[in-house]
Number of protein chains: 2
Amino acid sequence: MAESSTRRVTSADVARIAGVSRATVSYVMNDTPHQTISADTRTRVLDAAARLGYAPSAAARTLRTGRSDVVLCLLPDWPIGAEVGSMLGNLSTALARQGFTLVVHPGNREDRPMFEIWKAITPAAVIAFTDFSPGEIEAMRAAGVALVVGLFGNGQPDGRRRELEVPQQLIGRCQAAHLLGAGHTRIGYAYPDDERVRIFAEPRLAGVRDECRESGVAGPATETVALEAEQAAAAVRRWHAAGVTAVCAYNDEVALAVLAGVRKLGGGAGLAVIGVDDIPPARLAEPALTTVTTDQVAFAAYLSATVVAAVHGRPGPDVPTSELVSLVKRDSA
Amino acid sequence: MAESSTRRVTSADVARIAGVSRATVSYVMNDTPHQTISADTRTRVLDAAARLGYAPSAAARTLRTGRSDVVLCLLPDWPIGAEVGSMLGNLSTALARQGFTLVVHPGNREDRPMFEIWKAITPAAVIAFTDFSPGEIEAMRAAGVALVVGLFGNGQPDGRRRELEVPQQLIGRCQAAHLLGAGHTRIGYAYPDDERVRIFAEPRLAGVRDECRESGVAGPATETVALEAEQAAAAVRRWHAAGVTAVCAYNDEVALAVLAGVRKLGGGAGLAVIGVDDIPPARLAEPALTTVTTDQVAFAAYLSATVVAAVHGRPGPDVPTSELVSLVKRDSA
DNA sequence: CCAGCCTACTTACACGTGTCACCGCCCGCC
DNA sequence: GGCGGGCGGTGACACGTGTAAGTAGGCTGG
């Protein structure tokens, strides 16, 4: 406890205590392959490190290796909701278990040019929930970023980079399958009012469309629904006029708006409604909202595995199948 | 475009192109005070940097200065909701404007020992939504972390480190003030079921209690309310028995549960309910939920200012007053 | 006319790590 | 007995930056 100053504990300190060279300390700490270390010195080094509370400097390691252990997650500028929040939390712990640090950056592209960020950080990988120009992608790859996990392959026809798209389609399919299975033959889709969530809304709608087509049913009657009762009531009226008896909503929130619209209209002819996310208010609504949840833990694990595999140059895991999304049956559909 | 390889653009490259030394480049890029640079060379350097797309290596800078531009935000293990998510987003942009990078780390204290993280990162500051032991705080300070912004001063009696507590109390006060102003004389508090949000719930409840005391009204009748209608109905029954006519809820979600409980009981004697956060479902509920919102942008700006000031060793800004929280009057209270 | 100061730079070192090249040693094998 | 080769380890360099210390030249005051 008689520390002279607040100096950082470096590997040199560990080496001195353990009576070995600094290189040996590095080899022990990193389990460097093809480098044999006797069991005796190994424990001596480990003991010294533990005693001193040694933790290697991330900055120095990054500088030396040219690649940091940071996984940069670039968000678009839509408001991140509870489900995205918990997904990020799970992703962070899943990556931490593999030795990576997740850094989330909200995508205010105007504020700071984005390239400034990944050039400064030199992340091991980038998870982009936003479209990149091919030029940007090439620049990042050239700068040493091992992988760019894109949300949507914007234009490129190869099947890659769709890691995040397929699960969204599954959500739509699950919604539609439930409604069709319940005997509905004319269904609607409640599209969100917020332009910024389009990258989620489009594939979900596509999933609904696919499921309809495969069941030989006409595609969904799509209405844009704001989070406001009056507006939603107008949409409900149009659906009634079109013979729609059940609607898939983009969201639990949108679904609650639809329910509010139905309520405002007197709610004579009940409209079946199904949401997404299973937020707590869904269960508390009247009627209790039937919804579809994604297994955030499993999804985060999948995403994490994708990133880790790509960083090591291995092919990523298969896109998870339908066990990722599951139905929560309640009263509204 | 005839780049031989994928080498990183360093300040040496900029120096070579601009025809100056590397040190000069550094001085120009950082606007180093007490270092005079002629306007001519300055523009030459800036031009060269822009042309090459130079961005300084965060790792090298961190290694050299001993302090990174990272602000580490340690979250407890409760599920981060939409409001916390948006707060973090705002905080991130506010800090980015000052040249800092926000790194959020969910607090699974078991998974990795926490000190391993900040030892590796050497953050400029730590925003902790969780209690630290005095020993940990001392260790961090010794390791060079400029500031520890704690959510709650656990035990230490000095007025510092309560930056995040006061706003929470304001929320409770605002809720209670509205109900008392509407003529209610016996009010209740709907406490969350989740033990993990206690650090938010306690100061909010304290705010309600303070407001009651200052108005000469008995303290709130507190009931723990789970996010489930049956359970909430039982609480509502007890409140009725105690003569409570209005309740402050920890949350909009808890408030919706209370409303569901009232509805389940037939809703004869209406119970006034007021929530917090103004989540979208609040507006869509029946009756539409009266609630209290915090100005997340202003709060993030305040938090950011606190961090920046402390990093530079200056005293932080004053705790913002009541303009931070505002009432959203609807039908439920 | 020279000491001294200010401007506008440059040279040199340090930060803490990973890793390549080397080196002594002992063991087994021809 | 010589000697190739694995074991166990060391010495030295590079990564890219910030900054203290030094230096050449012009200008000013005495």
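## Close-up views of a predicted two-chain model

**View 1. Strand β2 of chain A, covered on both faces.** In chain A, strand β2 has buried residues on either side, with A:Thr101, A:Val103 and A:His105 on one face and A:Leu102, A:Val104 and A:Pro106 on the other. The model shown here and in the views that follow is a predicted one. The strand spans residues 101-106 of chain A, and six of its six residues are buried, so that β2(A) is described as mostly covered on the definition of burial as 20 or more other C-beta atoms within 10 Å.

**View 2. The pairing of β1 and β2 in chain A.** Strand β1 of chain A, residues 70-75, runs parallel to β2(A), and six bridges join the two strands. Within this pairing, A:Val70 is the residue that stands opposite A:Thr101 of β2(A).

**View 3. Strand β1 of chain B and its two faces.** Strand β1 of chain B comprises residues 70-75 and is mostly covered, six of its six residues being buried. The side chains can be followed in two sets, since B:Val70, B:Leu72 and B:Leu74 point one way from β1(B), while B:Val71, B:Cys73 and B:Leu75 point the other way, and all of them are buried.

**View 4. The strand partners of β1 in chain B.** On β2(B), which runs parallel to β1(B), the pairing is made through six bridges, and B:His105 is the bridge partner of B:Leu74. Strand β3 of chain B, residues 125-128, also pairs with β1(B) in the parallel sense, here over four bridges, and in this pairing B:Cys73 has B:Ile127 as its bridge partner.

**View 5. The side of chain B that touches chain A.** Between the two chains, 50 residues of chain B are in contact with 49 residues of chain A. On the chain B side, the elements that give two or more residues are α4 (58-65), α5 (82-97), β2 (101-106), α6 (114-121), α11 (252-264) and α12 (280-284). Of these, α5(B) gives the most, with nine residues. By residue class, the side of chain B that touches chain A divides into 26 nonpolar, 14 polar and ten charged residues.

**View 6. The annotated segment of chain A.** Residues 9-65 of chain A are covered by the UniProt annotation "domain: HTH lacI-type", which comes from an unreviewed entry. Over these residues the chain is 68% helix and 0% strand, and the C-alpha atoms at the two ends of the segment are 20 Å apart.

How values were computed: Residues are numbered from 1 along each chain as its sequence is written. Chains are lettered from A and ligands numbered from 1 in the order in which they are written. This is a predicted model: local features need pLDDT of at least 70, side-chain atom pairs count only at pLDDT 80 or more; totals for chains, interfaces and linings use all residues. UniProt positions are given in the numbering used here, feature names are shortened, and annotations may be inferred rather than shown by experiment. Two residues are in contact if their C-beta atoms, placed from the backbone, lie within 7 Å. Ala, Val, Leu, Ile, Met, Phe, Trp, Tyr, Cys and Pro count as nonpolar, Asp, Glu, Lys and Arg as charged, and the others, Gly among them, as polar. A residue is buried if 20 or more other C-beta atoms lie within 10 Å of its own, exposed if 12 or fewer, and partly exposed in between; C-beta atoms are placed from the backbone. Two strands pair if DSSP finds at least two bridges between them.
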